[in-house]
Each structure stands twice: as C-alpha cells, then as structure tokens.
Amino acid sequence: MKILAVHADYIEYQATKKALKSAEANIKEEMERVEECLVIFTSVEKRDEGHREIVLEQYQQEVDKVADQVKPKNIVVYPYAHLSSSLASPQYAEEFLKAAEKKLSVKYNVYRAPFGWYKAFTIKSKGHPLSELSREFGQGENIPSVNKASPAENTPASTNLKRESKDELFEINNKDLSVEEKINLTAALLTGAAIQELFVEAKIGSIGFYHNQTYVDITGVKIKSDDLERIQKHALKLAQKGTSIEKVVAPTHELQKQIAQDLKKDAYTYQLSKVECVPTYANPFIANTKEIGALKLLSLSSAYWKNNASNLQLIRINLVGFRTQEELEKFQKEKEDQENRSHIKIGKEQGLFIISELVGPGLPLIAPKGMIIRNEITSYLWSLHKDKGYQQVWTPHIAKTELYKTSGHWDKFGDELFKVKGKTDDFVMKPMNCPHHMQIFDAFNHSYRDMPIRFFEPATIYRDEKSGQLTGLSRVRAITQDDGHLFCRTSQIKQEVKTIVGIIHEFYATLGMDKDYWVSLSVRGDDKSKYLGEDAAWNLAETSLEEAAIENKLPYKRIPGEAAFYGPKLDFMFKDALGREWQLATIQCDFNLPERFNLSYMNEEGKKERPVVIHRAISGSLERFLSILIEHHAGKFPLWLSPVQVKIVTVTDRNVPFARDLKDALQKHGIRVEVNEDQETIGKKVRDAQMEKVNYIVTIGDKEMEKNCLAIRTRAGDVKFEVNIADFIKDLRTEIDTKKN
Ligand SMILES: [Zn+2]
C-alpha cells in the first residue's frame, strides 16, 4: 500500500473518462469541491491482497497519525494508481477503498473520489512541513524473495494468523506484464505441461506470482525434490521444441473450471501440450516458447486451493525462466552469493554462535570465536568513550514492576515484557536500561560543576518478540545494547551531541561502513501540544542536533513530526554490502524520564534544576550488529576482528616443535593463532584454513626450519617466501593496532 497525504485548503475533482472497463458505476459526474481537507492519494497494491483487515487497520492508523496533527475538517480518499507499479486487481482495490471509506467515516467526515476513472483535479496544498507526506506500508514487505521448501516458512505470519475457512476468489490482473514476467509465467506453464506428460494423473491449479516468485500449483501426484531435475529437463525440452500455446474454448478440468467461474468474462483458456490453464493475468505468455533458453525449479512447498486451509492442499513449485543460460547463471551466482553471506550459515561454519532448541528461539548463545569478535567490538567502543568522560556502570537483568510503571515502559511494552514472579515481589526482565541508569544518577548529589554525567553499559535487555519473527542474530529476544545515558544541562546538549557524532563517525569509518549512510533528524511536527517539555528546551535540543549534524557534515534529512514525544533524535541509517538499510546508531534527547524520576542537580544559585537525558547507542544492538558485520564481510573479517588471525600448518611431524614455538611467539604479541599438526597433506590443511577464512596461513616445512623464516599465504591467495619472523609479527601488530580494514 502506498499513500500520499496532502493537507489542502481545498481539492476539486471531476471524473472525465473510464480508465478501466470495470470502472465504478453510478458515480457523481459533476465537479466535487471539498474544503479544508486531508487528501489521501491511495494505491492499493498486489501485495495487499489477502491481508485486507490488517492493511485497513494500518491505513486507518496512518490517516490518524497525520490527521491528529493537522486536524482537517474532511478526509478525501482518492484512488490514485500512479504511486505503484504493482497494483492490486481493480476489484480488490475498489472493495478496499470502499471499506476504507466506511472505516474512516466512524471518526471523520469522508469523501471518496470515484474508482477506475480518469479524473481532472485541482488541489491547493497548505505548504507547511506536514502538508505532504508519503507512506508505504502493508504486509508483503520483508518476505525473503528466496524461500526454503517448507510450507511453514513459506507462509507469512500474517496470513497464518488470519487464514480463515473462506475461499479467496480468483481475480483478473490487468497490469501490463514485463517480458521477464511473461517468460516466468510461460516457464510455469511449461513446467505444468512437463509434469502432466511425466505423471499422467497430475493436474495444475493456478500459476502466478507470490512475493516476487513465480509458481505453479500441482495436484493429483506426489512430487519429491528428486523429481525436480527430471521435470526441469522435460520442461526445457518442450520449450526448445517450440511447443505452441493455443487458446481453446473452455477448460475441462475441475480446478481450471473454478478459476474460469471466478474470472467470468475475463477467463481465457490456454493449452500447452496436454495441460490446460486459465491464467489470472491478461496476455500472460510470450508468443514463442523457443525464446526460453533456461529454466530452474527452485523449491517445493504447499499451498491451499483458494488460500483456504479447509480446501484441497496442492504442491507448489517455485521456479524462474530465462532467455539464456548466461542469465540463469548470473541469477544463480547472485543467489549463491546471498546465501553464502548469510550470517546463520557463516555463524555455523565458523562456530560463532549457537541456537539451542533447549535454550529457546531468539536466545542465541555466543560461542568462543563469536565472543572474540563481540569483545573486540565492545572494547573498541569503550576505548572510544573512556577518554571522553564516560563512566562504566552495571545494572541487574530484572527490576521490580514499579520501576517500569514509573518510567512508563510498563504500558509501552505491554505483552512484550517477560514477567518474573518472586516470593514476595513481582519483577520484569528489563526491556530498557534507561530507568536503571536514572536510579544511579538519582542516588548521588550532583552540582552543576559535575555535569554532564555520562554512563556507559553494554547491557542485555529482554523482549518477548513473536516467535515467528525470530531469526539468527538479527531478531532476538535477548538484545544487548551498547547503551549509554548522559545527564546534562540544556546548554551542554550541543557539545555532547558533537562528541557522540564524532564517536559514531570514527566507529563506522574504522569498519568501512561510512560510505553509504544517511541520518534522519526527527523533530517536532506542527502541533506542539503532543510533545513533552518546554518550547525553549525543544528548540535548543533540535538546533543542537542540527548544528552537530552540520558541523560534522552528516548527510542528514530533517523530518518534522517524527520526533519521539519525549524529545528530538538523530538516527543513523547504514547500508550493508547487500544494499540493505539498517538503523544502527541513535542519539535521542529526553525531557520525559528526568521528569518522571524527578531528577535534579544544584545550579549556581543552589537551586534544584532538572537535567536533560541523552540516550545514545553506537552499534545499536551487539547481536544485530554482529549479524550485519558477518554478512557485510561475508565472514572474511579484518585482522583485528578475526577469531583466528594466523593458522600455522606443518608439512611433516619434524616441523611440529618449530610450529609450536612460532605459535608461542605470536601469542606473546597478542596474536590469535592456531596450529594444524594433523597427519594430512599440506594441500588439504591449506584448503581447510582457507575455508575457515583465516587471514594468514603460515606453512612450516624443512626449508623454513633450516632458514628460520616463514612461507606466508594471505587470504587473497598471495604467497611470500622467506619472510623474517620478527618482520611478520611487526606487520601483524601494525595491521591489528591500526584496525586496518
Ligand atoms: Zn535509554
């Protein structure tokens, strides 16, 4: 779902001409004029289909958010197809818009522009910061484009929850398909035809796209993963023969008849070899199947007929088609690259962390090698803070419920809180560290001369995230924040923010992640009444954040209305090697918690004054950060982070004592080193070390012992002989100490 909300003095619109055959009937044809309105230009998208109630709810929330701030007299729901290139079927979109109109009418005075018509319109936008906002939301996003062959994983959680025993009707999609999409649908039909030739009992259900993947549904036979290769070959053979796709009068098989029934006048039956199909797209196939030069069946899963769990269960085959073998190879290379970078896969291969069924989902255990990386990160973080006035603190993992009732987190986190019953008191696992730090500040007397007070604590917090959403290290229930809280005077905000921005800069530059990022400066919207704290303090905090952003040349965007109710913030959005965006570092001013905990310090006149709190995190959470780090580097860590920096491999047993001495020498200089003394060939030992992605492989044979020197192979495959041991150690130390990327 994509919307564009415009707060306007007025809008005038008039239907001019039908854009769709199925355009809404019985509409008002004269000009409509609506004054003082919030116009919601709306594109209902393909991915919204099947999630109507959820998306309607989100739609209402988005409208509420804007309307709460701009307080319009009227709302105009305005169908506007040009926000998206992947529209829902007209029938679905029209029904959705009508339902949205009805839902919003409970609270607002609602107008709706006609659906499926070209419309002339004039709008006078108010032009204030909140008057034009675009939003994207819905259910389809974040579903991985490559699914594993498991029905449970193939079903997004939301459809799982709302799967009812109600049939979803087939609907025609009139969008103009791209050549690639037509090739994919043709490949799906070819696959269906191949199956029907190979397994006489087989029949196909529907073909189409689901979360960017092409599928064909099959019934009447059992198909195993072993069969895919054979089916794939046969489908390609049918394509290469130039088998034609014919239009025929009407379907004969029951499932295709049902599709035709739903589609009514839009139903056309196609036949390829022995398979017949009523597609739900207009003009879905390429003219000549010979154009398909490659085809790959990706996975097997299952689907219910008409998405209704009480209906027939079909086998779903996901596939892709291409014009050439080269295109397929490129696709496979990209897919492989993504899979090879998966932090879950690398984590397992390198023994970095463990997910134990017995411990529970979302509660990863960090193994020794993973802990080396994590410790390097936390100690680097501390080294960036310790000379800037920060002090380390420690706080327990549980606290009495009263603490969080005072802080407001009790209400905010609701059923995400893990509750702990003590003998006499009720506790919660902490969902935030802030309230604990407030208590430390409050326990001491502070004068203005002591300010700012800065606390630093990498600490684990606990949130009961839905189990369906937990993956590896990136979505967990035990989240370790590299947390910090500063207590300062309003006049000190700017300097403190500058220091934090400097730390963030240095940290991400060191990791080579400072090339592609942007910063969101979230400030107040127009309606100042919904924010806590005094106007002057807010202005100062917003200006301080902005000035710090300018002085540090941050690529920032000012986003009005996005501030938290308790204060403005800077959020740092970074991109990883796969181009995915993550919000990691954050700096947030807070006028609320000091108020709730009644914090104070003595000012120059001996009077109590309220401090401002600044929350800040540099890496975000150590778990998620580690997952990004692993995927960003594809497991090839820079030397200072590597769990095993040097691997020594011996040629014969004669070389073992020399190798062990070398290991001791390297360890003395703080270098992480392992020796492989196994009775394997040198070739195998080198290959194993390469698989482990260690930075340097040192080979020790008789020649090296004789000359007291080393043969060194880098991870990139460069080999150097007769390297002096002291020089090698010196070079390693420099590379580690400078945290070379
Ligand atoms: Zn905090």
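## A tour of the fold, starting at a loop lysine

Lys306 lies in the loop between strand 12 and strand 13. Helices here are DSSP runs of H or I with at least four residues, strands are runs of E with at least two, and both are numbered from the N terminus. The model is predicted, so local features need pLDDT of at least 70 and side-chain atom pairs count only at pLDDT 80 or more, while totals for chains, interfaces and linings use all residues. Residue numbers start from 1 along each chain as its sequence is written.

Back to that lysine. Its phi is near 55°, a positive value in a residue other than glycine. Lys306 is partly exposed, because 19 other C-beta atoms sit within 10 Å. The burial scale runs like this: 20 or more other C-beta atoms within 10 Å of a residue's own make it buried, 12 or fewer make it exposed, and anything in between is partly exposed, with C-beta atoms placed from the backbone. Lys739 also has a positive phi without being a glycine, and with 15 C-beta neighbours inside 10 Å it counts as partly exposed too. Here are the lysines with a positive phi, side by side:

| Residue | Phi | Where |
|---|---|---|
| Lys71 | about 45° | just after helix 1 |
| Lys306 | near 55° | loop between strand 12 and strand 13 |
| Lys739 | about 50° | segment after helix 21 (725–737) |

**The sheet around strand 13**

Strand 12 and strand 13 belong to an open sheet of 4 strands, ordered 7-8-13-12 with antiparallel pairing. At its edges are strand 7 (203–210) and strand 12 (294–304), each of which pairs on one side only. Pairing here takes at least two DSSP bridges between two strands. On average, neighbouring strands of this sheet are turned by 25° against each other, direction ignored; the axes are lines fitted to C-alpha atoms, and angles run from 0 to 180 degrees between N-to-C directions. Inside the sheet, strand 8 (residues 213–219) and strand 13 (residues 313–322) run antiparallel and are joined by 5 bridges. Tyr215, for one, has Asn318 of strand 13 as its bridge partner.

**Helix 1 and its two sides**

Helix 1 (residues 52–70) has 19 residues, which at 1.5 Å a residue should span 27 Å, and its end C-alpha atoms are indeed 27 Å apart. The expected span is 1.5 Å times one less than the number of residues. Which residues of helix 1 are buried? They are Val55, Tyr59, Val63, Val66 and Gln69. Down the helix axis, the buried residues fall within an arc of 140°, so they line one face of helix 1; the arc is that of the directions from the axis to the C-beta atoms. Glu53, Glu57, Gln61 and Asp68 are exposed on the other side. The buried residues pack against strand 1 (2–18), strand 2 (32–43), strand 3 (74–79), helix 2 (90–105) and strand 6 (132–136).

**A cis bond and the whole chain**

Met451 and Pro452 are joined by a cis peptide bond, with omega about -5°. Pro452 is in the loop between helix 13 (434–442) and strand 20 (453–462).

Zooming out, the protein chain comes to 21 helices and 33 strands. Its C-alpha atoms fill a box of roughly 85 × 80 × 55 Å along the principal axes. Of the 741 residues, 38% are buried.

Technical notes:
Contact = placed C-beta atoms within 7 Å.
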